[in-house]
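Reader: I should like to learn how to read the features of a protein model. Would you guide me through one?

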Amino acid sequence: MTNILPLGVILDRSHLNGSSNEFVRHVNCEDCGSSDGNSLYTDGHTYCFVCHTWKPGNGSTTFTVSNNRMSYTGFASRLPKRNLSEETCEKYKIYQDGNILRMYYHDSSGAPIGAKVKTKNKVFSYEGESNGNFFGQHLY
Ligand SMILES: [Zn+2]
């Protein structure tokens with residue numbers, strides 16, 4: 001049995017590895033309004049040197065922009081006023097960060113996506129995004 005490769009199978013693929021990605025020209029920036037602070041590259045991505053906005057090109061490279069994933073700030077600590085132990089706070093991801101209390105909300109994979117924030121003055125706000133889950137839902 002012999003393997004006979006058809007002609008043309010061996011191609012030079014060096015142009016596919018991204019090494020040909022070069023600066024093309026200065027373009028305007030939609031984000032900061034600069035007329036020429038933005039730079040266009042051969043793969044189509046742009047980078048603005050004024051506002052440092054990077055945008056993927058329209059080329060074949062699919063690019064996953066990191067979503068609004070949050071990370072925990074602060075740490076679980078005992079909340080005597082709420083009769084919550086440190087363990088409970090850890091379980092429900094109620095983290096204290098100085099005078100700020102954050103109650104984290106999670107997506108179905110258990111990753112934090114947002115947090116209800118309570119300041120010392122009992123002002124509530126919300127950071128990140130909500131997918132409609134109720135608090136603590138990641139535990140069920
Ligand atoms: Zn810009």
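**Reading the strands, the core and the turns**

Author: Let us start with one pair of residues: Y104 stands opposite A115 in β8. Please note that this is a predicted model, in which local features need pLDDT of at least 70, side-chain atom pairs count only at pLDDT 80 or more, and totals for chains, interfaces and linings use all residues. Residues are numbered from 1 along each chain as its sequence is written.

Reader: What secondary structure does the chain have, and in which pattern?

Author: Helices (H or I, at least four residues) and strands (E, at least two) are DSSP runs, numbered from the N terminus. Here the chain has one helix and nine strands. Along the sequence, they follow the pattern β-β-β-β-β-α-β-β-β-β.

Reader: How should I read the pairing of strands, and what is the order of the open sheet of five strands?

Author: Strands of a sheet pair through backbone hydrogen bonds, either parallel or antiparallel. Two strands are said to pair if DSSP finds at least two bridges between them. In this structure, the open sheet of five strands has the order β5-β6-β7-β8-β9, with antiparallel pairing. Its edge strands are β5 and β9 (124-128), each of which pairs on one side only.

Reader: How many bridges join the neighbouring strands, beginning with β5 and β6?

Author: Strand β5 (residues 75-76) and strand β6 (residues 94-97) pair over two bridges, in the antiparallel sense, and F75 stands opposite Q96 in β6. Four bridges link β6 to strand β7 (residues 100-106), again in the antiparallel sense. Within that pairing, I94 has M103 as its bridge partner, while D97 stands opposite I100. Six bridges join β7 to β8, and five join β8 to β9. In the pairing of β8 with β9, V117 stands opposite S125.

Reader: Which strands form the edges of the open sheet of four strands?

Author: That sheet has the order β1-β2-β3-β4, with antiparallel pairing. The edge strands are β1 (23-27) and β4 (54-55), each pairing on one side only. Two bridges join strand β3 (residues 46-48) to β4, and the bridge partner of Y47 in β4 is W54.

Reader: Which residues make up the largest nonpolar core?

Author: In soluble globular proteins, nonpolar side chains tend to be buried together. A residue is buried if 20 or more other C-beta atoms lie within 10 Å of its own, exposed if 12 or fewer, and partly exposed in between; C-beta atoms are placed from the backbone. A nonpolar core is a set of buried Ala, Val, Leu, Ile, Met, Phe, Trp, Tyr and Cys residues joined through C-beta atoms within 7 Å. Here the largest such core has eight residues: C89, I94, Y95, L101, Y104, Y105, I113 and A115. The strands β6, β7 and β8 (112-118) each supply at least two residues of this core, and the largest share, three residues, comes from β7. Of the 140 residues of the chain, 12% count as buried.

Reader: Which residues does Y105 touch, if those up to four places away in sequence are not counted?

Author: Two residues are in contact if their C-beta atoms, placed from the backbone, lie within 7 Å. By that rule Y105 touches I113, G114, A115, S130, N133 and F135.

Reader: Is E22 buried or exposed, and what does it touch beyond its neighbours within four places in sequence?

Author: E22 counts as exposed because it has 8 C-beta neighbours inside 10 Å. This residue is in the segment before β1, and its contacts beyond four places in sequence are Y41 and T42. The C-alpha atoms of E22 and T42 are separated by 5.4 Å, although the two residues are 20 residues apart along the chain.

Reader: Which residues in the turns and loops have a positive phi?

Author: Most residues other than glycine have a negative phi, and most peptide bonds are trans. Two glycines with a positive phi are G98, near 70 degrees, in the hairpin of β6 and β7, and G110, near 90 degrees, in the hairpin of β7 and β8. Among residues other than glycine, H52 has a positive phi near 60 degrees, and K122 has one of about 65 degrees. H52 is found in the loop between β3 and β4, whereas K122 lies in the loop between β8 and β9.

Reader: Why do H52 and K122 count as exposed?

Author: H52 is exposed because 10 other C-beta atoms lie within 10 Å. K122 counts as exposed because it has 7 C-beta neighbours inside 10 Å.
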